[in-house]
Amino acid sequence: MVSRFEPKARRMLQERLDLSQNLAADSVPRATHLAIAEVREILSLPEPAFRPWLAPDRWVLGGAVLHWLRSGAGGEASGPLDYDFYFPTIDALNRGVADFLAAGFTFSCFQLWGDRCPFCGLAGSLERREAAGPAAVPLVKAGCRVCEPAGVAGRWGSRLRITAESLAASGLVALDLLSPRGELFQLAAIAFEPTPSRLIESADYSICQLGLDDRSLYFGRYTWTDLLAGRLRVENLHRSCYSRLRKYQGKGFSPDPATLARVLGFHLYLQARELLTRRGKA
Ligand SMILES: [Zn+2]
């Protein structure tokens with residue numbers, strides 16, 4: 001990853017953000033966000049492919065933003081990607097659903113904890129698209145036999161709406177849509193926060209604390225220090241931290257000792273707990 005950024009771009013970024021020359025682990029930038037235009041100029045980046053879909057109340061967070069930052073000189077070739085969209089409010093989510101469907105996107109599935117459709121609220125109308133995960137994560141992917149034909153007829157996103165009550169009853173986590181080009185757009189139905197900065201605080205690794213609205217790139221306290229140093233630093237322990245640690249090691253990042261200890265320790269704890277749960281049920 002370190003080599004992904006040209007020396008001149010690295011110097012410009014370090015100066016712009018007031019980061020220490022040696023990218024010390026406690027070096028904190030003086031800004032929380034930069035204009036997309038400035039980031040593009042410093043890193044010689046193209047427009048993010050998903051920029052037309054961004055809005056003041058519609059943001060892309062995490063991996064797709066990291067992918068874009070790496071797409072400059074020597075970066076990864078772009079291909080079909082998953083985009084994680086987040087919203088400040090349920091109303092903004094509903095507007096997003098309506099806009100995407102009006103633009104020719106198609107419904108793929110709901111990701112949810114419960115067994116009720118978040119649109120019609122009917123029990124028994126869900127049709128599973130994928131088996132539930134491990135016992136501790138019973139999240140299912142499903143469609144709705146009642147709403148989907150209605151969605152195809154163009155009513156989805158206009159007459160059918162998600163409400164706070166339907167969210168609570170269905171346990172909706174995300175709504176997956178497919179773009180006309182076949183990209184997966186995952187619209188988060190949890191973690192509504194007023195700003196991208198607030199949302200990225202809860203990301204697992206510092207290098208994933210990235211968000212874009214239609215004007216700016218938002219980043220965490222240590223995102224750029226760690227991106228430029230190739231350091232993997234855990235900020236919040238999530239269930240998937242261990243597999244993601246392996247993933248980012250594969251991309252050239254090195255976990256600091258504290259991160260390695262915390263992530264491995266948490267992974268062992270989860271495994272032990274699952275084992276004990278299975279024995280308890282046996
Ligand atoms: Zn339904």
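Where is Gly114 found? Select Gly114 and you land in the loop between S4 and S5. Helices (H or I, at least four residues) and strands (E, at least two) are DSSP runs, numbered from the N terminus.

Before going on, note that this is a predicted model: local features need pLDDT of at least 70, side-chain atom pairs count only at pLDDT 80 or more, and totals for chains, interfaces and linings use all residues. Residue numbers start from 1 along each chain as its sequence is written.

**Stop 1: around Gly114**

Stay on Gly114 and add Ala169, Ser170 and Gly171. Leaving aside neighbours within four places in sequence, Gly114 is in contact with these three residues; contact means that the C-beta atoms, placed from the backbone, lie within 7 Å. Gly114 and Ala169 are 55 residues apart along the chain, yet their C-alpha atoms are separated by 7.3 Å. Is Gly114 buried or partly exposed? Gly114 is partly exposed, with 19 other C-beta atoms within 10 Å. On this scale a residue is buried with 20 or more other C-beta atoms within 10 Å of its own, exposed with 12 or fewer, and partly exposed in between, again with C-beta atoms placed from the backbone.

**Stop 2: the sheet**

Now colour the strands. You should find an open sheet of 10 strands, with mixed pairing, in the order S1-S10-S9-S2-S3-S8-S7-S4-S6-S5. Two strands pair if DSSP finds at least two bridges between them. At the edges sit S1 (33-35) and S5 (126-130), each pairing on one side only. Neighbouring strands are turned by 30 degrees against each other on average, direction ignored. Axes here are lines fitted to C-alpha atoms, for helices over the stretch in contact, and angles run from 0 to 180 degrees between N-to-C directions.

Zoom in on S4 (residues 106-112) and S6 (residues 140-144): they run antiparallel, joined by 3 bridges. Pick Leu112, and its bridge partner in S6 is Val140.

**Stop 3: helices on the sheet**

Select H2 (residues 36-43), which packs on the sheet and touches S1, S9 (210-212) and S10 (216-219); its direction makes about 80 degrees with that of S1. Then try H4 (residues 90-102), which touches S3 (82-86), S7 (172-178) and S8 (184-188), at about 160 degrees to S8.

**Stop 4: the two sides of H2**

Go back to H2 and show Ile36, Val39, Ile42 and Leu43, its buried residues. Look down the H2 axis: these fall within an arc of 130 degrees, so they line one face of the helix. That arc is taken over the directions from the helix axis to the C-beta atoms. Their cover includes H1 (7-17), S1, H3 (63-69), S9 and S10. Turned away from the buried side are the exposed residues Ala37 and Glu41. Finish on Ser44, which follows H2 and has a positive phi, near 55 degrees.

Note on methods:
Two residues are in contact if their C-beta atoms, placed from the backbone, lie within 7 Å.
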